[in-house]
Amino acid sequence: RGQLKIASAVMAARCRLSARFHHVHGTNVRLDASRTRATRVESFANGLCFSQEPLAPGQVFLVEIEEKELGWCGHLRVGLTAHDPQSLEVVPEYSLPDLVNMGDTWVFAITRSHNRVVVDGEEVRARSSPWEPWLMIEQVRIPRDTLVGRSRPGRYSHILDDLYKMNVLPATARRSRIGVLYAPQPDGTADMHIIINGEDMGPSARGLPATCPLYAVVDVFASTKSVRVIPVEYGFPSLQTLCRLVIQKHIVHRLAIEGLDLPPLLKNFCQHE
């Protein structure tokens, strides 16, 4: 237990420090001062971004979709690359196919109906309960709450609330959260996993070189206008998080939280954040 706490603390510290974008990026990208928000300011392409540092095994690079732009076909693309962004003479216009064609890069488009990638002969794993506070991927245990994007209750709450209660937003929706990580395998390679709103899509790519530095790739493409990096905590779930899970499990509708005898900050946390 002590080793687990130490490992979680080390991973949490690493994630906080590296939860921002690299200063090398596509020509149409503008980063904010903290380099945690990337916005594509022109056209639909040249929106390629990278993590500031290579990821550690099991470290999630997580982004939330902040803005959408109508009129374009296609959505966010995420993955991993063994190319150091600093070494690129020119940042490619597209992650698919340009960056992938350079080799040692694995990128997938996030679609409205993105499903797990299943290898022939492999059984589809049962989906874990949305009430479980942990997401397990190989030997990595991640608090699920941070990974889940949430809609805000409003005009269409009667439609969206079932999605909220099941911890599922459409993959390409505003406030949806998309993460990528790699999990080392016994043969010395690694599997790449994409996480969508707290759900592991399973291995999207296998045979990655686990001994090479691997950077996260985020392509702010087409209808995705702006994304924000979300730090992932690897410690134990907070009391707020555990309270929200219990409340969320028992209420009929999210707007019913307003009538509960709870502190205002906890109400806001349960309804919106």
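**Exercise 1. Strand E4 and its partners**

Task: Determine which strand is joined to E4 by four bridges, in which sense the two run, and how far E4 is covered.

Solution. Strand E9 (residues 177-184) is joined to E4 by four bridges, and the two run antiparallel; strands here are DSSP runs of at least two residues, helices are DSSP runs of type H or I with at least four, and both are numbered from the N terminus, while two strands pair if DSSP finds at least two bridges between them. Before going further, note that this is a predicted model, in which local features need pLDDT of at least 70 and side-chain atom pairs count only at pLDDT 80 or more, whereas totals for chains, interfaces and linings use all residues. Residues are numbered from 1 along each chain as its sequence is written, and side-chain values use heavy atoms, with hydrogens and water left out.

Within the pairing of E4 with E9, Val-63 stands opposite Ile-178. A second pairing, also in the antiparallel sense, connects E4 with strand E13 (residues 224-230) over six bridges, and there Lys-68 has Thr-224 as its bridge partner. As for cover, six of the eight residues of E4 (residues 61-68) are buried, so this strand is largely enclosed by the rest of the structure; buried means under 20% relative accessible area, exposed over 50%, and partly exposed in between, with a 1.4 Å probe and protein chains only.

**Exercise 2. From E1 through E2 to E13**

Task: Trace the pairings of E2, and describe the turn that separates E1 from E2.

Solution. Begin with strand E1 (residues 29-31), which pairs with E2 in the antiparallel sense over three bridges, Arg-30 standing opposite Thr-39. The two strands form a hairpin with five residues between them, and in the turn Arg-35 has a positive phi of about 60°.

Next, consider the surroundings of Arg-35. The C-alpha atoms of Arg-35 and Arg-20 are 5.3 Å apart in space, although the two residues are 15 apart in sequence. Leaving aside residues up to four places away in sequence, Arg-35 touches Arg-20, Phe-21, His-22, His-23 and Gln-52, where contact means heavy atoms within 4.5 Å. The side chains of Arg-35 and Gln-52 are joined by a polar contact of 2.7 Å, that is, a pair of N or O atoms within 3.5 Å of which, within protein, one must be able to donate a hydrogen and the other to accept it, residues adjacent in sequence counting only if both atoms are side-chain atoms.

Finally, E2 is joined to E13 by three bridges, again antiparallel, with Ala-38 opposite Val-227.

**Exercise 3. A lysine in E13**

Task: Is Lys-225 buried or exposed, and which backbone oxygen lies 2.7 Å from a polar atom of its side chain?

Solution. Lys-225, which lies in strand E13, counts as buried at 16% relative accessibility. The backbone oxygen in question is that of Arg-40. Not counting residues up to four places away in sequence, the residues touched by Lys-225 include Ala-38, Thr-39, Arg-40 and Val-41, as well as Glu-67, Lys-68 and Glu-69.

**Exercise 4. The aromatic cluster around Phe-44**

Task: Describe the ring pairs of Phe-44 with Tyr-94 and Phe-221, and place each pair in the chain.

Solution. A search of the whole structure finds five aromatic pairs, where rings of Phe, Tyr and Trp (its six-membered ring) pair if their centres lie within 6.5 Å, planes under 30 degrees apart counting as stacked, over 60 as edge-to-face and the rest as tilted. Phe-44 and Tyr-94 form a tilted pair, 6.3 Å centre to centre with 35° between the planes. Phe-44 lies in the loop between E2 and E3, and Tyr-94 in the loop between E5 and helix H2, so the pair ties together parts that are 50 residues apart in sequence.

The pair of Phe-44 and Phe-221 is edge-to-face, at 6.1 Å centre to centre and 70° between the planes. Since Phe-221 lies in the loop between E12 and E13, this pair ties together parts that are 177 residues apart in sequence. Phe-44 is partly exposed, with a relative accessible area of 27%, whereas Phe-221, at 7%, counts as buried.

Ring pairs link Phe-44, Trp-72, Tyr-94 and Phe-221 into a cluster. Arg-77 lies over the face of Phe-221, at 3.8 Å from the ring centre; a charge sits over a ring if NZ of Lys or CZ of Arg is within 6 Å of the ring centre and within 35 degrees of the ring normal.
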